[in-house]
Structures are given as C-alpha cells and as structure tokens.
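Welcome! Please take a moment to look over the sequence and the structure before you start on the exercises.

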Amino acid sequence: MGRGGARDGAAAAPPWHSLPDEVLEHAFSFLPAAADRGAAAAVCHGWLGAERRSRRRLAVANCYAAAPRDAVDRFPSVRAAEVKGKPHFADFGLVPPAWGAEAAPWVAAAADGWPLLEELSFKRMVVTDECLEMIASSFRNFQVLRLVSCEGFSTAGLAAITEGCRNLRELDLQENYIEDCSSHWLSYFPESFTSLETLNFSCLEGEVNFAVLERLVSRCRNLKTLKLNNAIPLDKVASLLRKAPQLVELGTGKFSAEYHSDLFAKLEAAFAGCKSLRRLSGAWDAVPDYLPAFYCVCEGLTSLNLSYATVRGPELIKFISRCKNLQQLWVMDLIEDHGLAVVAGSCSKLQELRVFPSDPFGAGQVLLTERGLVDVSASCPMLESVLYFCGQMTNEALITIAKNRPNFTCFRLCILEPRTPDYVTRESLDAGFSAIVESCKGLRRLSVSGLLTDLVFKSIGANGNCLEMLSIAFAGNSDLGLHYILSGCKTLKKLEIRDCPFGNKPLLANAAKLETMRSLWMSSCSLTLGACRQLAEKMPRLTVEIMNDPGRTCPVESLPDDSPVETLYVYRTIAGPRSDTPDYVQIV
Amino acid sequence: MELELGLAPPNDAGSCGKRRSAEAFGVKKPTLPLFLRDDDDDGDHGNGEDDTGDARDCEISMGNKRKRLVGWPPVKSAHRPRSNSHVKVKMEGVPIGRKVDLSRHASYHQLHHTLRLMFPSTSHHGDPYAVTYEDVDGDWVLVGDVPWE
C-alpha cells in the first residue's frame, strides 16, 4: 500500500490517501457518535466526502441552524433523522403560539432527497396532518415515527401513518397535543400488518376502538413497548397483557377503578405472565389496593414512571421498595422524605431520580425537603441524574450531596419559591451549588434555583468544564454573573435564563462565545434593543430574535436603542434569518 | 364548569355587565401583567407593561398562595393537574364560535394572541379586543381582573 515506495527512495504518499472510499466509509461506520464522525470529516477533503456520503443518522438540534435542503444534499444517505424546533422554555409556556418550527419544510426536503428514509423524529415542532400524509406516502421503507412535544396534527394524520406505512415498527407519541377527529386511526392498520414493536399513544385524549387494539396487539408478536392512554380501563389492560406477555415496557391506562377482588385477581394473573416487563408507567389515580397486583414484576423493573400518579402513602412506598433493580424512578413529591429514605435503602442501582411537584402553585405544606435528596445521594452509588422539585434547601445539604455523589452528570434542582435562601442560615445557596460544580467534574447539565448571587456563577464558570446546558432563573445581582458564565464554561451549548438582572455588557463582551454555542435564551432580563442590534451586526452567523408582547405590532426598526427587550433568543445558523417569524418575533 | 368568552369591539359597552362605564375600556389596558413582580424588581422589565399598579394589587390579594408566575415552576403542562380547560369563544357579529384550550396558554397575553389569530379583524387594526366571560353569577366580566390561574 505504497510502502514499497520508501525503499525506492521516492517520497511515499501517506497510505490513507489511496484508500478507496468504500474502505473509508466502512471504517467510519464504526464511529457511532456524530461528534466523532464530524471530527473525521474535518481531516481532509477525501474523508469529508466519504463521511458525509455514508452518514446514516442525522441529528439537527435546532431546525433553524441549517436549511432542510442543504442538510439533505450534504448527507444523501441518511436513514434516520431527528429534528428539534422550539426553545426548551416553550415547554413551560414561555413561547406564544405560532412561533414557528414547522416540520413541513423538513418533510418535504426528506421526501425529495431521502427516499430510503426509515426513521423520523421531531421534538417541539409543528407537525401537520399534511406532514404525516407526506411521510406515509414518500418513504417505502418507513419504520419509526417519534413525535415528542409536538402539535398541529390530529388523529386523521395518524390514520394516514397507520394506513400507509406498511413496515412500521415504532409509533411513539410522547406528550404531544393531538386533535381528536375521532377518525379510527388504529383501524387503518391492515389485518396483515404485524411488524409493530412500539406503540405509544399515552398522550391521546380520545377513545380508541378496544377490539381493534386487542387484535393488533395479538398479531404483533414483536410488540415490546405498549403505552396506553387514559381511555383504557384497568380490566382491559389485563386482557391486553394476556395477549402480549412478551412486553418489555407498559404504560397503563386509567388506573382509578374501584377495588374489586376479581379484577385484582385478573390483573395479578396477567402480570404474573409478563416475565420480560422492565419498564412501567401510567396515569395512576391509583387505588392503592391494586398495587400488590404488580408485586410479581417489581423485581424485574428497571424503570418506573409514577410522575402522573397521585397515589401516595405506605402502599406506594411498599411497592417501590420491592423494585430492587430500579435504575430510573420518576415520582411525585407525594412520596415525601420518608418515602425517599426507603428508596435509598432499597434501590441500590438507582441512576436517575426525578421528583415532580404535586401542587406546583399551591401554598400547601412542604411535602419534600432536602432530606430526601440527601438520603438518596448518600445510599445510591450509581445515581448520576437528578431532577428535584422541593420546598426548601440548605448549603449543608448540597455540600453533603456533592461530597457523596461526585459522579453527577445532570443536576437540576428547583426550589419552588424563587430566591429562597438557605432556610437555616438565611444565606444564599452559592456555597451549596459551588460545591456541586466543584465536586462533579463530569457535570453536563445544571439547573440552579433559590437565592443566588453572582459568586455562584463565578464558580460555575470556573468549574463547569463539561457543562453543556445551564438553566438559570431569578438569580444573580449584576452583569458580572452572566459574564462569568459566558467567559467560562468552555463546552457550553445551551444557556437559558429568565428573570435575572443581566444586561447588555456581558452579552456584547462575549459575542464570539455565542457562535460556539447552540443557543441562548434570555427573558425578563435587562437587555435593550441597541445591544441586540450591535450583537447582530457583529456576528453575522448568529440569528438574533427579539420577542415582545404579542399585542405590540409596531416594527422593531422604528424603536429606539434603549427600548427594553422582553425576550432574546440567539442561535448560530448557516441558513441566514428565517422567513417564517410571527408578528411578535423580530429578527434584528 | 362551562365557561364562555365573548369578544366585542371596544366601544360596545353593552356586552359587559360589570363594567358599564366607558372608562373601563379606556383606562384598563387590554394586556395584563405577564407575571407578578417582587418588590425588588425594577419597574421596567420590557414586557410591555407600564401599569405596575395592577401587579401590586394582585400580589396583595394573593395572600398565602404562591405568587403566580408565567412558566414557573418549570413543569410541563402534562404534569400539571388536569382539568377540562376548553372554553367556547364567540365574537359579536361572527356566527360561528371557536373553542380554546386554556391549559395550553400560560398568560392572558397568549390567550389574546390566540384569539386574535382565531378572529382576525382588519377594521380594528391596533385596537384591542374586549374579551369578556360570563362568571358564576351570570354577569359578563372583563377578562384579566383575576390572576391567570
């Protein structure tokens, strides 16, 4: 391979220059991570071409970062694509309707350039029935459709998918808003259709034809994941389980039946047959009396999602304590500190814990304190990801947690009342969060809350060397706080800030940093229009979007520099400014 | 609870029971505080609100209840307590009504925006709609007096 040339005395070309493309592409197929493939593509033109032509999976983290046609042209062999749209804070109502993030241009480009596309995933985007119809008719080997936090479609669009996608393996609908047109979308799966492996319609509000569902489940012998919606009552769940004992993941439907001993027996028998069940979720307005019916599957469970369950008390705790192999637990704060203490003692393999507030807006008693989190982090050595809503916190607790669990990769703490100090010392929680970032050297995601000064951001900026996503609310004293973050945090990709006294100076001083990041969101801070204009002028490869009161329709060009900016959303893009902004969004 | 919202052009005081005086339409800003501010916030947050008096009044009446902020705490609507949140909306002079899902909106701003999209009106460009609802007593009340929740 060219080595002989050295013996001849002539300069030998490096061996890899003469490798044929097929060899390169084969080598690259062993690089699963997009970042590795990107690095390979940067080596030389030859590798760039070989890599991009053979790329099979594409993840577009911001639908406006590149034009759909350009993405399709650049990576012509893609079989699986994922596109994300609206900013994360859209989940909490901070982005008004009709903001954008339409999936249609992506579906159209894919239909044109990726006829062999097999998988499509959209998150926080507007997906219309027309999109779904186009998907159903454009890709002859379409297998996986995943829609997460999307809107704009109805059950009529789903019917197009079930009717048209003959090789469908996964239909995964997570937390979407779906219009119910009462079209019997499930019925459109042909009787000969048997390839389904995942069916998740938990977010659907309306009824489905149970007989059709039962027949579908019966004939799809490879069905592994079945997540039902609220319209399916408990006794029907038992019937389905008997038809599909091979299930690995189950989302139960409505779980609030009155206790009947024969239904209990039916359920218990059905679950006893499910030897492969590993993941359980559901909307459990549960009657605790039914929980023992699940006991036989507890030991096999690796994932338990009770975040929609208002069940509480000793039955809940007894149930969870039997789940000795749990890796992932999502619960409501109804579990309380003593429940988490039991989790700490029982679930030694726990990796991820999420505790959601049952009464987010009320002034009810504090159900959950720092105690629960301290116990779990002390006793669960593999715990690395936490989302925790609670009423109070102390620096001492955070310092203890940091010492116990230096292996955190994701730490999101939300103290419900903004700007709450350490409830014992009345100090800020700077020391506690600083301990977290100093100890957890692999921390990739962090959300802070409570009373915090600029000093905590100094610590985060200096120590957050792996930090990719940071969420800040009601924190900091001055521009310095933002400056610490933007001038530190070398690997920061997403920064979202609300209600902080951060102004123009740190934004402009760190303008170049923004091009190394995916996006920046700042709402209810102290920004003015002039600085945004300067930023846009200085950084042509950023799109600088201003969002103001939807009631105000005067164009941004006519406003003076010192006009306050309610919401700023900045992101890097190679596509230039988008053309689909609603009237309340202006691109500066 | 069946809730009905009514839209009327600003000059039509007849559709509104509790606030008959024309002042109610003139003085009252159609848009409302996006969030209830703490005392230590500066008054100019760029959210288009220059009527801070309303925000303070809302704070006082909150009492023990946690102050209601838009998008806080950061829980998805799926995780919030569910209720039947669809309301019928009819506009004066328009024969066909619409339905709005209140739980998909986080503020009066967003509701106004959605209503504007549903009932576009060129003749009132720049003028705000008056959005009213019929309360438990059967009176027509201007939307926005009480905190969003």
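Below are four exercises on this predicted model, each followed by a worked solution.

**Exercise 1. Find out where in chain B confidence is lowest and where it is highest.**

Step 1: Start with the whole chain. Chain B has an average pLDDT of 58, and 40% of its residues score at least 70.

Step 2: Look at the two extremes. In chain B, the lowest confidence falls in helix 1 (residues 22–27), with a mean of 36, and the highest in strand 5 (residues 140–142), at 84.

Step 3: Look at the stretch with low scores. Over residues 8–64 of chain B, pLDDT stays under 50, although the model has 109 contacts beyond four places in sequence for this stretch. Where pLDDT is low, the predicted coordinates should not be read in detail.

Step 4: Turn to the scores for the complex. The predictor gives an ipTM of 0.87 and a pTM of 0.83.

**Exercise 2. Work out how helix 16 and helix 17 of chain A are oriented to each other.**

Step 1: Take the geometry. Helix 16 (residues 395–404) and helix 17 (residues 430–439) of chain A pack at an angle of about 5°, and their axes are 7 Å apart.

Step 2: Apply the cut-off. Angles under 35 degrees count as roughly parallel, so helix 16 and helix 17 of chain A are roughly parallel to each other.

Step 3: See who meets whom. On the side of helix 16, the residues include Leu398(A), Ile399(A) and Ala402(A); among their counterparts in helix 17 are Phe433(A), Ala435(A) and Ile436(A). The residues of this contact divide into 8 nonpolar, 3 polar and 2 charged.

**Exercise 3. Explain why Cys274(A) and Cys489(A) are too far from the closest cysteine sulfur for a bond.**

Step 1: Recall the cut-off: a disulfide needs two cysteine sulfur atoms within 2.5 Å.

Step 2: Check Cys274(A). Its closest cysteine sulfur, in Cys296(A), is 8.0 Å away, so the distance is too far for a bond. Cys274(A) is buried, at 4% relative accessibility.

Step 3: Check Cys489(A). Here the closest cysteine sulfur belongs to Cys466(A) and is 11 Å away, again too far for a bond. Cys489(A) is also buried, with a relative accessible area of 1%.

Step 4: Count over all chains. The total is 0 disulfides.

**Exercise 4. Decide whether Ser459(A) is buried or exposed.**

Step 1: Locate the residue. Ser459(A) lies in helix 18 (residues 454–463) of chain A.

Step 2: Compare with the cut-off. Buried means under 20% relative accessible area; Ser459(A) has 9%, so this residue is buried.

Step 3: List its contacts. Leaving aside residues up to four places away in sequence, Ser459(A) touches Ser434(A), Val437(A), Glu438(A) and Gly464(A).

Note on methods
Residues are numbered from 1 along each chain as its sequence is written. Chains are lettered from A and ligands numbered from 1 in the order in which they are written. This is a predicted model: local features need pLDDT of at least 70, side-chain atom pairs count only at pLDDT 80 or more; totals for chains, interfaces and linings use all residues. Side-chain values use heavy atoms; hydrogens and water are left out. pLDDT is the predictor's confidence in each residue, from 0 to 100. Helices (H or I, at least four residues) and strands (E, at least two) are DSSP runs, numbered from the N terminus. Contact means heavy atoms within 4.5 Å. Axes are lines fitted to C-alpha atoms, for helices over the stretch in contact, and angles run from 0 to 180 degrees between N-to-C directions. Angles under 35 degrees count as roughly parallel, over 145 as roughly antiparallel, 65 to 115 as roughly perpendicular and the rest as oblique. Ala, Val, Leu, Ile, Met, Phe, Trp, Tyr, Cys and Pro count as nonpolar, Asp, Glu, Lys and Arg as charged, and the others, Gly among them, as polar. Buried means under 20% relative accessible area, exposed over 50%, partly exposed in between (1.4 Å probe, protein chains only).
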